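These are my notebook entries on a structure that I looked up part by part. I set them down in the order in which I consulted them.

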Amino acid sequence: MKEYDRTICFNHDIDNLLKGEQENIRENNSPEYDELLELANTLRETDFSTESDAKEKIWHNLRSNHQVKSLWFKQKGDFTMKKLFKQYRPGYIMGVGALIAVLAVTFIFPGTMEAVANNIAKVFKVGKGVTIIQTDGESRPAPLLSKEQLSSEKVKVAVEGENSETNSDSQVKDIIHKSIAEAQKAVDFKVLVPEYLPTGYTLKEAKTMELVGADINSEEAKSSRYYLTVKFAGQEKDITVFYRLVNEETAYETGTENEIEAVKINDTIGAWEDSGHLIWEQDGVSYNMICKGISKEEAVKIAKSFK
Amino acid sequence: MEKAYITSLHKENSSLVKAKVKSEDFAQVYDDYYKRIYNYMRYRLGKRELAEELTSQVFERSFRKLKSYNPEKASFAAWIFAIAHNTVTDFYRARRRKYWVSLEAIWDKVSPEPGPEEVAVKKEEREKILKALSSLEEREREIIAMKFAGGLKNTTIAELMGLTDSNVGVILYRSMKKLQKELKGKGMGS
């Protein structure tokens, strides 16, 4: 039998196997062919779903979410809910929930998860790559995941250099560069740095990521060149700047209950949040600067000096 | 009912085939699809915690999008597996953005595995299958997951993955041969 014919027969037999119509499977096959059918049967019978009590847990969580949703429909009406969930896709909600832990660690806008279920006070669009939703935080229903569930102690953060938890062929690896010139080679945008920094601050490190094992021409590998993190160390807390090449892949939304203020940075408008966080966009690159303990004026001065 | 057989090899619940699914029917949807979606995730992602988490996301998405399901356009199986496929794609994308944080701690009180010898053997067998699957390319793994965990027909898989039916058939056949070879190397299989 030719290979192509064998392929057709095999697919036909597998369909019969999955339908439970074993009597329709061809007989008198080669031993190799029978081995493949045996493997297909093993796969058919392999059931991982009995290995944990996740079915009950997931259903319980779903029901909780349903209740929150119902509450919202009563309080705010169908339109608001649809609008919110259009902006925050369900998958994104989970991602945002996860993101909260990162926010807690890095002091980026707190309250993202709550933003989903809160009243929108303002929507800031910073350039093309970032949308910040400020909410008033009043009379909100329970978040989709409880605060206990979201507490940073309980949530395991994917820390720098740690391998991802999947069995994917490629693994994310952090690359630490000693100089900006070196980091420049690892990203697809021009790396600008501040000409002004508060007294005593110097470059600590520049970090990019590499996908080990990924095809160099794959989209996955290319997208690893869209991000850069630069840290400056000084007497106070580090100043950290997250760079992203702005495109569809890197665009994101975030939320906060804190007051957001529009600030002018050269020719663009950035967003400042009082806990020490400034976001702006310049020449197709989004900058996200965490600068705890530094005043708004000082932060804007740093941002304006990026050359 | 007939439509479901075009896209799935499983006997679909008739209420999910003929009409739009109502929110109150979702318990039935969950019951009918949990095993298939969970196994699909396990095949694709390997890790149990991730499979649980993404399974949860699939049902959340499905529930919220329920109103958009149109039985005239696709079977419910095709619709929900499209959501499952997108959930995994989004997961990898999020991981690329380095904003991925595991919420496995939420479920850190996972029940211990039962101890009987038979279960232990089964577990070992499953682990070997997962290991062997991880040696396949992403596309090969996805097709096997859709086929054996999802019970989907090649036409549906082709539609979800942007391939032709015959492409799916050829990839499936070759992937199974690769898997068989890999399992033999691990001392499993004939």
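Entry 1, a helix of chain B. I began with helix α4 of chain B, residues 48-65, in what is a predicted model. I noted 18 residues and a reach of 26 Å from the first C-alpha to the last, close to the 26 Å expected at 1.5 Å a residue. I then looked up how covered the helix is: 16 of the 18 residues of α4(B) are buried, and I recorded the helix as mostly covered.

Entry 2, aromatic pairs. I asked how many aromatic pairs the structure holds over all chains. The total is 19. I examined Y34(B) and Y38(B), whose ring centres are 5.7 Å apart with planes at 25 degrees; I entered the pair as stacked because planes under 30 degrees apart count as such. The two tyrosines, Y34(B) and Y38(B), are four residues apart in helix α3 of chain B, so about one helical turn separates them. Buried or exposed, I asked of Y34(B)? Y34(B) has 2% relative accessibility and therefore counts as buried. Y38(B) is also entered as buried, at 0%. I added F91(B) and Y92(B), an aromatic pair that is tilted, with 5.2 Å centre to centre and 55 degrees between the planes. Both F91(B) and Y92(B) are buried.

Entry 3, a ring cluster. I asked which residues the ring pairs link into a cluster with Y34(B) and Y38(B). They are W59(A), Y30(B) and F59(B), and I noted that the cluster holds residues of chain A and of chain B.

Entry 4, an asparagine in helix α3. I placed N39(B) in helix α3 of chain B, which runs over residues 26-45. N39(B) counts as buried because its relative accessibility is 4%. Leaving out residues up to four places away in sequence, I listed what N39(B) touches: T46(A), D47(A), F48(A) and S49(A) from chain A, and A149(B) from chain B.

Entry 5, a charge over a ring. I turned to K301(A) and found its charged end over the ring of Y196(A), 4.3 Å from the ring centre.

Entry 6, positive phi in two loops. Most residues other than glycine have a negative phi. I therefore noted N266(A), which is not a glycine and has a positive phi of about 50 degrees. N266(A) is in the loop between β9 (260-265) and β10 (268-273) of chain A, and at 33% relative accessibility it counts as partly exposed. D283(A), not a glycine either, has a positive phi of about 50 degrees. I located D283(A) in the loop between β11 (277-282) and β12 (285-290) of chain A; its relative accessible area is 69%, so I entered it as exposed.

Entry 7, chain A as a whole. I recorded nine helices and 12 strands for chain A. Of its 307 residues, 51% are buried. The accessible surface of chain A is about 15,000 Å², and 51% of it belongs to carbon and sulfur atoms. Among contacts in chain A with a separation of 6 or more, 60% join residues 24 or more positions apart.

Entry 8, confidence in chain A. The average pLDDT of chain A is 70, and 65% of the residues score at least 70. Over residues 67-119 of chain A, pLDDT is below 50, although the stretch has 116 contacts beyond near neighbours in sequence. Residues 137-169 of chain A also stay under 50, with 81 contacts beyond four places in sequence. Where pLDDT is low, I shall not read the predicted coordinates in detail.

Definitions and conventions:
Residues are numbered from 1 along each chain as its sequence is written. Chains are lettered from A and ligands numbered from 1 in the order in which they are written. This is a predicted model: local features need pLDDT of at least 70, side-chain atom pairs count only at pLDDT 80 or more; totals for chains, interfaces and linings use all residues. Side-chain values use heavy atoms; hydrogens and water are left out. pLDDT is the predictor's confidence in each residue, from 0 to 100. Contact means heavy atoms within 4.5 Å. Buried means under 20% relative accessible area, exposed over 50%, partly exposed in between (1.4 Å probe, protein chains only). Rings of Phe, Tyr and Trp (its six-membered ring) pair if their centres lie within 6.5 Å; planes under 30 degrees apart count as stacked, over 60 as edge-to-face and the rest as tilted. A charge sits over a ring if NZ of Lys or CZ of Arg is within 6 Å of the ring centre and within 35 degrees of the ring normal. The expected span of a helix is 1.5 Å times one less than its number of residues. Accessible areas come from the Shrake-Rupley method with a 1.4 Å probe; for residues, only the protein chains shown count as cover.
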